[in-house]
Amino acid sequence: MLCIRFKLIAIVTQNTAEKWQQNTDGLTQGDVTMSVAMPEFDGMLISVPVAARQFSSVDPLTGTRIVRHEALPERINKIVRLSLNWARLSHIPNGDKKVAIIFHNYPPRNDKIGNAFGLDSPASVWNILHSLQEAGYKLDKLPENGQEIIETIIDHATNDRRWKSLAEMAGQAAGLVSKPEYSGWFSQFPQKNQSKMASAWGEPPGEPFNCNDSLIIPGIINGNIFIGLQPPRGFSEDPSAIYHSPDHPPTHHYLAYYRWIRDVFKANVIMHIGKHGSLEWLPGKSVGLSDECFPDLAISDLPNIYPYIINNPGEGTQAKRRSYCCIIDHLIPVMHNAGSYEEMAELQVLLNDYYQSGIEDRAKLPELRRMIWAKTLQAKLEHDLAVDEETAFADFEAFIEKLHSYLHEMEDTQIRDGLHILGEPPRGERLAEFLAALTRLSNGEVPSLRKSLAAMQGYDYDALLASPGRIQGKAKTGGQIIAELSGQCVKLIARFQQNNFSHDDIEACQHEVLGQHNAEVSRVLAYLSDRLVPNLMATTGELDSVIKASGGKFIPPGPSGAPTRGMADILPTGRNFYSVDPQSIPSAVAWKTGMGLGDALLERYFKDEGKYPENIGMVVWATGTMRTKGDDVAEVLYLMGMKPVWEKSSGRVKGIEVIPLKELGRPRIDITIRISGLFRDAFPNIVSLLDEAVNIASSLDEPPEMNYLAKHVREEIAEKTGSGISAEQAGEEARYRIFGCKPGAYGAGVSNAIESKNWQDEHDLAKAYLVWGGYAYGKKYYGVTAPEQFKTRLGNLELTVKNEDNREHDMLDSDDFYSYHGGMIAAVKAIKGEWPQSYAGDSSDPERVKIRSTAEETKHIFRARVLNPVWIESMKRHGYKGAADFSAVVDNAFGWDASANVMEDWMYEELANKYALDSQMQEWLKDVNPYALQNITERLLEAIQRQMWQASPEMETRLKQVFLEVEGSIEEDSAAKTK
């Protein structure tokens, strides 16, 4: 049997050695495309440059360009060591092989061990341990389940230093690194890194995790397996650095931890579990790292295996390029419709009665109106609908339509059903619901199942979705019909499932469920039978790939993206995913979606303000750009009135052109873009493209009322030259529109400030936002320090926006969302003294984009997911990790409110009632993750203390009682286990 081994690419950069060494971008645009992005399509592991261009000249006789390269000896040594270590994995007997498994742990608290989006990380690690044991790896004992793994870790040393003394932690640690041992390692670090670390953290071994001059190594050892916790990044240890050092070096403890894994535990391979950790975000070059880059220094020459969710190609790509890992992509959690619950379900019943009574017994309508309004108040939906009693009863039919549309939108929103467990495909009812979600949109040439059912029954699908609150026939609203069609999809698939999705059953199951069969529906069912179900069942291959990679074997490449966005063809998982060709962004399809987003954005603002916005701020991330092939990039160009030009043969973007004002039909908008550090790294070509668009649009000779960008640039140039700045410098600075992280750094800083509690109001958050994002990028400049220009741009913004392209995740799932977008909103408020309009774009269905305010989007997520008992119960299946994610939801809701003022008192009250004060929830949290209950109550009390929530005295008292009780219980339990 042919066994293909790993493939690792050595990069030859077109930078000179001196330029590569000095520059934080590392590689040229051409290098990124040809030596990084394209090899990823072949499943190659990305490593480091081994040679740089020495000189380039044209032969005068032949006209041939002659290029000579010079070797980079230290990097050659690095890639040889890394290659040999990968190769050794296929020769070392499994029984002798040592494996380090790393749980991410941010924030570094005991409620958040194993944070990994969409993944039950403890249960997944148990599956990995079981598979390793079956493959002959040495374990002293296979834990009973993932819960036991976490409880055992917590009984020993962890990253959370609130519950045990350093001496107690040292006595329970997996290992200790003495001062002489670490000093020996430290002396081998490049002098530049030694100086940075000593300046930030003192002489080795520093203070964090230092007990009597020995550094503590949290984690546990089980046979030849080390299960550890990624060390804290360092901002929680030095909160003041948040306001001045976005490229703060990691602590001595951080690097000692990874060096201990390699040199003391002597791991042959390391695994980082789930999205995502901090290793790949440490300061250093964007790609093509040197030995002075902190990720390179930490991971060294350890083979790195990284199970990663398939819908996040951006951050997974960062891990590939900056920690040299082999990605093993994993499935998203099962998705299904949110449905109705509690007061909203009762309202649906009342609305159905109202519609029926309008036909059969109109005498009941007055009483039903009173009941509907009372239930609306009980559900606090008057906040969502921005309506009072007088307005509602002035035109009750219009109110009913608005209410029903809102309830339908909530019910029809896709939410997650629990978490994915590595190697476990969905089964039973969950499989049927997931298949319905995956076929809700068309998948390439395969039509949408729900749309096909609508057409078969004579409905106009687009009209149903456009007016869900309007009666569309047979006394049913569009929303009711859509709900029936969704139910039919699940019922049909469940019936098809009974006969194992057999091709022979395609017509029979349609007749049984629908009373007829249809060619389009048959195509969808054939797609399930032939491709989608087999690909989902192949999810077991995730674990197979982990074991293969641990043996140094090649993991085949595969595409990435959001499966529920008409991309189910990217399955199966268990592959080393790739992202996109940077030169193909934005694609023609993305251009269409981007125009739709732009039109919807301007239409919503015009509706709210009665005019076009002159200045818009947009947050643009690399991950969404990779998933959509450039929706956001297309929208930015379109708002400026510019259009990509594609090569016909390849589909690559070769330039841009101006959209004439007559065709555009509106003014050109001035747009300021806050890109992520990853966007800067992955898409230098797009940064150049957008900068070129700014230069062209701002130079057009058009009326100021039709070209806001040119208007503002001219005004600023005049102001700057009037103050003595040269015309050239004034012209450049006036056109700064793309801002991002400091070269070599990542993040927006706001979440760090909020997590550390090192802030007072939006002015502090704005300061962090400006420090972390005040660097201008363009075609001819890279990371120019420009905080004042960034402040000026933010101070002029009337509107901020960030788009999401799927419902597989939302803005309450991660602190990055509020750090970037909420941070922008807070900065505008601090600078201008008033809140801007702030919107969230939703292109989860690219043909029907939606724009909500950030406050509306927050309520939408609260109603559809956060307060939904179906979602809550699905997460409780996952014990510790489900509780950890509950804790994260409260953290992120708090962060959004702190930065963007999106939470109303009733929302905090509902969080408290659902997650802290409900007796059954309390007991469950105390059993599986008491630290989550402690954090939830602490965060809610912080909201009260900061006057973000005007809670009743009784509510505050009850929360304090729960907090003190659980905190005391944790302290007692911790003390008992350290005796």
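Let's start with how α38 passes α40: the crossing is left-handed. Everything I show today comes from a predicted model, so please keep that in mind. Helix α38 covers residues 879-900 and helix α40 covers residues 919-928. Their axes lie 9 Å apart, and the two helices pack at an angle of about 120 degrees.

Who touches whom here? On the α38 side, you can pick out Gly879, Tyr880, Gly882, Ala883 and Phe886. They meet Met921, Trp924, Leu925 and Val928 of α40. Sorted by class, this contact has seven nonpolar residues, two polar ones and no charged ones.

Now stay on α38 and turn to another partner, helix α41, residues 930-945. Here too the axes are 9 Å apart, but the packing angle is about 15 degrees. Because of that angle, α38 counts as roughly parallel to α41. The crossing of α38 with α41 is left-handed.

From α38, the residues in this contact are Ala883, Phe886, Ser887, Val890, Asp891 and Phe894. Across from them, α41 brings Ala932, Asn935, Ile936, Arg939, Leu940, Glu942 and Ala943. The class split is eight nonpolar, two polar and three charged residues. If you are following along on the structure, look for Ala883 and Phe886: they meet α40, and they also take part in the contact with α41.

Let's move to another pair, α33 and α34. Helix α33 runs over residues 762-773 and helix α34 over residues 787-796. Their axes come within 9 Å and cross at roughly 125 degrees. That angle is why α33 is described as oblique to α34. Is this crossing left-handed or right-handed? For α33 and α34, it is right-handed.

In α33, the residues to find are Tyr769, Leu770 and Gly773. Their partners in α34 are Pro787, Phe790, Lys791 and Leu794. Five of the residues in this contact are nonpolar, one is polar and one is charged.

Next, the open spaces. How much space lies in the largest pocket? The value is about 1,600 Å³. The lining of this pocket is made by 44 residues, and the closest to its centre are Glu409, Val849, Lys850, Ile851 and Arg852. Several elements give two or more residues to that lining, namely α14 (381-385), α16 (396-411), α19 (461-466), α24 (588-609), β28 (850-853) and α36 (854-866). The largest share, six residues, comes from α16. As for classes, the lining of the largest pocket has 11 nonpolar, 10 polar and 23 charged residues.

The second largest pocket holds about 890 Å³ of space. It is lined by 35 residues, and Arg565, Gly566, Met567, Val589 and Pro846 are the closest to its centre. Two elements, α24 and α25 (622-628), give two or more residues to this lining. Of these, α24 provides the largest share, with five residues. So we meet α24 again: it also gives two or more residues to the lining of the largest pocket. The lining of the second largest pocket divides into 13 nonpolar, 11 polar and 11 charged residues.

And then there are the closed spaces. How many cavities of 30 Å³ or more does the structure hold? There are six. Let me pick the second largest, with a volume of about 100 Å³. Around it you will find Tyr106, Pro108, Pro232, Arg233, Gly234, Phe235, Ser236, Asn752, Glu755 and Ser756. That lining has four nonpolar, four polar and two charged residues.

To finish, a few stops along the backbone. The peptide bond from lysine 275 to histidine 276 is cis, with omega near -25 degrees. Histidine 276 sits in the loop between β10 (269-273) and α10 (294-299).

Another cis peptide bond joins leucine 571 and proline 572, where omega is about 15 degrees. Where is proline 572? Look in the loop between β17 (557-558) and β18 (576-577).

My last stop is phenylalanine 501. This residue is not a glycine, yet its phi is positive, about 55 degrees. You can find phenylalanine 501 in the loop between α20 (478-498) and α21 (506-514). Thanks for listening!

Definitions and conventions:
Residues are numbered from 1 along each chain as its sequence is written. This is a predicted model: local features need pLDDT of at least 70, side-chain atom pairs count only at pLDDT 80 or more; totals for chains, interfaces and linings use all residues. Side-chain values use heavy atoms; hydrogens and water are left out. Axes are lines fitted to C-alpha atoms, for helices over the stretch in contact, and angles run from 0 to 180 degrees between N-to-C directions. Helices (H or I, at least four residues) and strands (E, at least two) are DSSP runs, numbered from the N terminus. Angles under 35 degrees count as roughly parallel, over 145 as roughly antiparallel, 65 to 115 as roughly perpendicular and the rest as oblique. A crossing is left-handed if the near helix is turned anticlockwise from the far one by less than a right angle, and right-handed if clockwise. Contact means heavy atoms within 4.5 Å. Ala, Val, Leu, Ile, Met, Phe, Trp, Tyr, Cys and Pro count as nonpolar, Asp, Glu, Lys and Arg as charged, and the others, Gly among them, as polar. On a 1 Å grid over the protein atoms alone, a cavity is a set of points where a 1.4 Å probe fits but cannot get out, and a pocket is an open set with protein on both sides within 12 Å along at least five of seven lines; lining residues have an atom within 4 Å of a point. Grid points are joined across faces, edges and corners, and a volume is the space filled by probe spheres set on the points.
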